[in-house]
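Colleague: I would like to learn how to read the architecture of a two-part chain with a ligand, taking one feature at a time. Could we go through the model together?

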Amino acid sequence: MTGSTAPIKITTKEIAQDFLNQYDTFLFDCDGVLWLGKHLLPLITETLDLLTSLGKTLYFVTNNSTKSRAAYTKKFASFGITVKEDQIFTSGYASALHVRDSLKLTPGEDKIWVFGESGITEELALMGYESLGCDDPRLDEPFDIATSPFIINGLDPKVKCVIAGLDTKVNYHRLAITLQYLQQPSVEFVATNIDSTFPNKGYILPGAGSMIESVAYASGRTPAACGKPNPNMLNAIVKAKNLDRSKCCMVGDRLNTDIRFGVEGQLGTLLVLTGIETEERVLNTAGDHPRPKYFAEKLGDLYELTN
Ligand SMILES: O=C(O)COP(=O)(O)O
Ligand SMILES: [Mg+2]
């Protein structure tokens with residue numbers, strides 16, 4: 001899928017100003033746009049301050065489910081950036097919304113098996129759901145079918161859903177027990193996001209999608225993926241914040257998630273080259289992805305070019 005017009009590269013003050021004038025709300029992806037792991041990208045604070053001083057509204061929409069919205073405010077604070085929890089949307093939160101609003105599981109009764117990190121379980125807990133799995137230390141033990149407490153004690157019949165996301169403690173024990181739940185046809189299968197890879201400083205690492213694929217393949221099931229580009233995530237944000245889509249711009253570093261989310265959601269789009277994609281891929285008309293309206297070497301170029 002390709003956009004009909006060629007992406008415009010933001011390289012001059014005029015283009016940068018024209019871009020800024022078109023939107024009053026910016027939805028920022030985080031990994032690969034604002035930071036790479038613990039490393040803040042250049043001129044991010046300056047750019048966010050510039051946008052705020054221009055009266056723009058900022059939201060942060062990340063597919064990274066390892067942290068809750070509350071934990072993200074602390075990550076922003078560690079970089080000296082003040083962001084309120086209600087400006088943040090994560091794929092872990094989107095997955096919890098799916099459990100509550102689409103699957104309509106009963107808080108306090110139905111349980112969720114989490115193959116992933118605390119960014120999922122904390123959001124579920126805020127909605128009253130008990131999670132199993134996740135960082136349970138018994139899952140750190142090497143898997144042995146004769147000794148695993150999850151096998152010996154049997155599956156919990158109250159588990160009605162598996163949520164799978166990025167798990168940096170992934171091991172055979174977690175995969176094996178997750179598969180046991182997925183073999184129950186009545187247990188729903190939810191994925192936080194489809195990102196195959198994940199950018200860190202100087203490295204491209206395996207993303208949530210690559211881990212989810214393992215249990216999807218083993219179970220022969222396809223999960224409902226809740227993060228970008230799922231339009232439900234955008235619909236939830238548009239509704240919660242009463243946004244005018246034509247005045248919103250999605251800023252991301254990945255074509256098949258961020259830019260698809262923006263293009264299909266009828267938002268403006270800006271792709272930055274500090275994460276996953278290359279200029280060659282952005283300009284490629286034969287790719288199986290939508291193309292952004294704008295692209296730039298880095299987000300900080302908006303600040304650099306207009307100052
Ligand atoms: O966790 C990921 O795969 C990517 O997170 P992002 O949406 O902030 O880039
Ligand atoms: Mg990203």
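Modeller: What follows is a walk from the overall chain to its domains, its ligand shell and its sheets.

Modeller: This is a predicted model, in which local features need pLDDT of at least 70 and side-chain atom pairs count only at pLDDT 80 or more, while totals for chains, interfaces and linings use all residues. Residues are numbered from 1 along each chain as its sequence is written, and chains are lettered from A and ligands numbered from 1 in the order in which they are written.

Colleague: How many helices and strands does the protein chain have?

Modeller: Helices (H or I, at least four residues) and strands (E, at least two) are DSSP runs, numbered from the N terminus. By that count the protein chain has 12 helices and 16 strands.

Colleague: What radius of gyration does the protein chain have, and what would a compact globule have?

Modeller: The radius is taken over C-alpha atoms, and the globule rule is 2.2 Å times the number of residues to the power 0.38. For 307 residues a compact globule would come near 19 Å, and the protein chain, at 20 Å, agrees with this. The C-alpha trace spans about 65 × 35 × 30 Å along its principal axes.

Colleague: Which domains does the assignment give, and how many residues of each take part in their contact?

Modeller: Domain bounds come from an automatic or database domain assignment. Here that assignment gives domain 1 as 8-63 + 233-306 and domain 2 as 92-225, with 30 Å between their centres, taken over C-alpha atoms. Two residues are in contact if their C-beta atoms, placed from the backbone, lie within 7 Å, and the contact between the domains takes 13 residues from domain 1 and 11 residues from domain 2.

Colleague: Where does ligand 1 lie with respect to the domains?

Modeller: A residue is near a molecule if its C-beta atom, placed from the backbone, lies within 6 Å of it. The shell of ligand 1 holds 13 residues, the closest being D31, T62, N63, N64 and D195. Because domain 1 and domain 2 both give residues to this shell, ligand 1 lies between them. In composition the shell has 4 nonpolar, 6 polar and 3 charged residues, where Ala, Val, Leu, Ile, Met, Phe, Trp, Tyr, Cys and Pro count as nonpolar, Asp, Glu, Lys and Arg as charged, and the others, Gly among them, as polar.

Colleague: In what order do the strands of the open sheets run?

Modeller: Strands of a sheet pair through backbone hydrogen bonds, either parallel or antiparallel. Two strands pair if DSSP finds at least two bridges between them. One open sheet has 7 strands with parallel pairing, in the order β1-β16-β15-β14-β2-β5-β6, and its edge strands, each pairing on one side only, are β1 (8-9) and β6 (88-90). Within this sheet β2 (residues 25-28) and β5 (residues 57-62) are joined by 4 bridges, and F26 stands opposite L58. An open sheet of 5 strands, also with parallel pairing, has the order β8-β7-β9-β10-β13.

Colleague: Is β9 enclosed or exposed, and why?

Modeller: A residue is buried if 20 or more other C-beta atoms lie within 10 Å of its own, exposed if 12 or fewer, and partly exposed in between, with C-beta atoms placed from the backbone. In β9 (residues 159-164) 6 of the 6 residues are buried, so the strand is largely enclosed by the rest of the structure. Parallel to β9 runs β7 (residues 111-115), joined to it by 5 bridges, with V114 opposite I163. I163 also has V190 of β10 as its bridge partner.
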